[in-house]
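Student: Could you take me through one part of this structure up close? I'd like to see how you reason about it.

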Amino acid sequence: METWSEDPSTSNIAMTAAASKEDLDTEKRVSLTCVSAPPTYPDGGRQAWLTVVGAFFALFCTFGQLNSFGTFQTWYADHQLRDRPPSTIAWIGSLQLWIFFFSGGFIGRLFDAYGPRVVMLPGTVVLAFSTMMISISSRYYQYVLAQGVLFGLGVGMLFYPSLSAISTHFNKYRGTALGIAMAGSGIGGVVYPIMFQQLFQRLGFGWAVRISGFISLAACCIAVTTITSLRPPTPQKTPILNPAWLRDVPFVLVTGGSILICLGLFIPFFYIADYARDHGISSSTVFYILSAMNGGGILGRLAPPLLSDAVGRYNVMVPCAFLMGLLALVFWTFAKTLVAILLFAIVYGFFSGAFIAMLIPCVAQISDLKEIGSRIGMLYSIVSFAALAGGPAAGALLRAGNGSYTGMIVLCGVSNIAGSGFLLGARFRLDRRIMVRV
């Protein structure tokens, strides 16, 4: 029987091909493992907590002053802009909010592409320059440009990189870390109205604002020095508004709810001082009411985020948004005395602070790590138009009601409750079970 001998060259080729195929399969498996492996977060450590400290200082001097616009609203109505109606003055604060919110989409992409410091350094310059320009302004258009446009932009250039950087260091304790940082805005909201009220009387408007500018400059320098991002910069090749996000139902529902909530959220911050004064509270006392509202926000930025890390972020944010609206309809409507107004201010400040602190962790929870900055920024850009409309709309309702605050209170309450319904939809879209951490 004849046997056929195998050609050695053919055997070697076959063995080589098999080995190459095995190596290729191994490389593919390794590559797929690297791609699909979830990102790791230190959830602590020196660098992570320094970032939280830096963000605290950044928010103290930026969002803290943003929350204090009611102080300027009352001062302008009595002094520089006393010939303007409240709704016209409110456009300064609303424009400030709109610029801050709207800039988020662009600033978020810059953060993802270049990291925090490239954005925060020029943001510090813009914030300090705008503050000095406010101090020498005397006409309406000057306040619009300096306080409405420039200051709002400076706030955005420091706010978004600070909080986005924290999200790269924390996952399990993200709510707690962001809550601690957001508490800086609440403390700033307490300190600045009282400081302005005292300095306006003692040193005059110009030097009061300049002093706040020097404080802001020092706080921003600390922030720029300490804030770092764990994720390496990655330039984004996708459009600013990624079409894929529109197919992400939870993100769309969170965005829709945030639009409605931001329409009414800031109305009390703009008008609580005027409301108290129109109910017989002295002008020297109304500034403390705004500080009390921001004081409630300190606890609201700390306790609910801490709780959310245990029971779920959406499980905490949804009831906070609902109670914020319910408080306006039930409590604010009947608050006529100093004690009642103070209680409303503190409790509303608590729940509004909770919503503000919980929004970013909730967006980060449903976002890819490399898109956190872009998604957070885009959400704020979209809701900017609601924030822009809220203050003037409330002022128009006040004027239409011949000085009655009922219309603006209803707008505040209904928009917050409606927005909480969208957030509830996002929560059940993520998990339909009730007793589960979401």
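How many Å should the residues of helix H13 span, and how far apart are its end C-alpha atoms?

Tutor: Happy to, and keep in mind that this is a predicted model. Helix H13 covers residues 283-311, which makes 29 residues. At 1.5 Å a residue they should span 42 Å, and the end C-alpha atoms are 43 Å apart, so the two values agree. Right after H13 comes Gly312, with a positive phi near 115°.

Now let's look at some other helices. H5 (86-102) and H8 (residues 140-169) have axes that come within 7 Å. Those axes cross at roughly 30°. Angles under 35 degrees count as roughly parallel, so H5 and H8 are roughly parallel to each other. The crossing of H5 past H8 is right-handed.

Just ahead of H5 you'll find Pro85, in the loop that links helix H4 (69-78) to H5. Pro85 is partly exposed, because its relative accessible area is 36%. Gly395 is 310 residues away from Pro85 in sequence, yet their C-alpha atoms are 8.6 Å apart in space.

What about the inside? The largest nonpolar core has 126 residues, and Tyr76, Phe101, Phe159, Trp332 and Phe355 have the most contacts inside it. Helix H15 (residues 338-365) gives this core its largest share, 16 residues. Try clicking on Phe355: beyond its neighbours within four places in sequence, its contacts include Ser258, Ile261, Leu265 and Met317. Ala321, Met324 and Leu423 are also in contact with Phe355.

Conventions. Residues numbered from 1 in each chain as written. Predicted model: local features only at pLDDT ≥ 70, side-chain atom pairs only at ≥ 80, totals over all residues. Heavy atoms only, no water. Helix = DSSP H or I, 4+ residues; strand = E, 2+ residues; numbered from the N terminus. Buried < 20%, exposed > 50% of the residue type's maximum accessible area, 1.4 Å probe, protein only. Core = buried A, V, L, I, M, F, W, Y, C linked by side-chain atoms within 4.5 Å. Contact = heavy atoms within 4.5 Å. Expected span 1.5 Å × (residues − 1). Axes fitted to C-alpha atoms, helices over the stretch in contact; angles between N-to-C directions. Parallel < 35°, antiparallel > 145°, perpendicular 65-115°, else oblique. Left-handed = near helix turned anticlockwise from the far one by under 90°.
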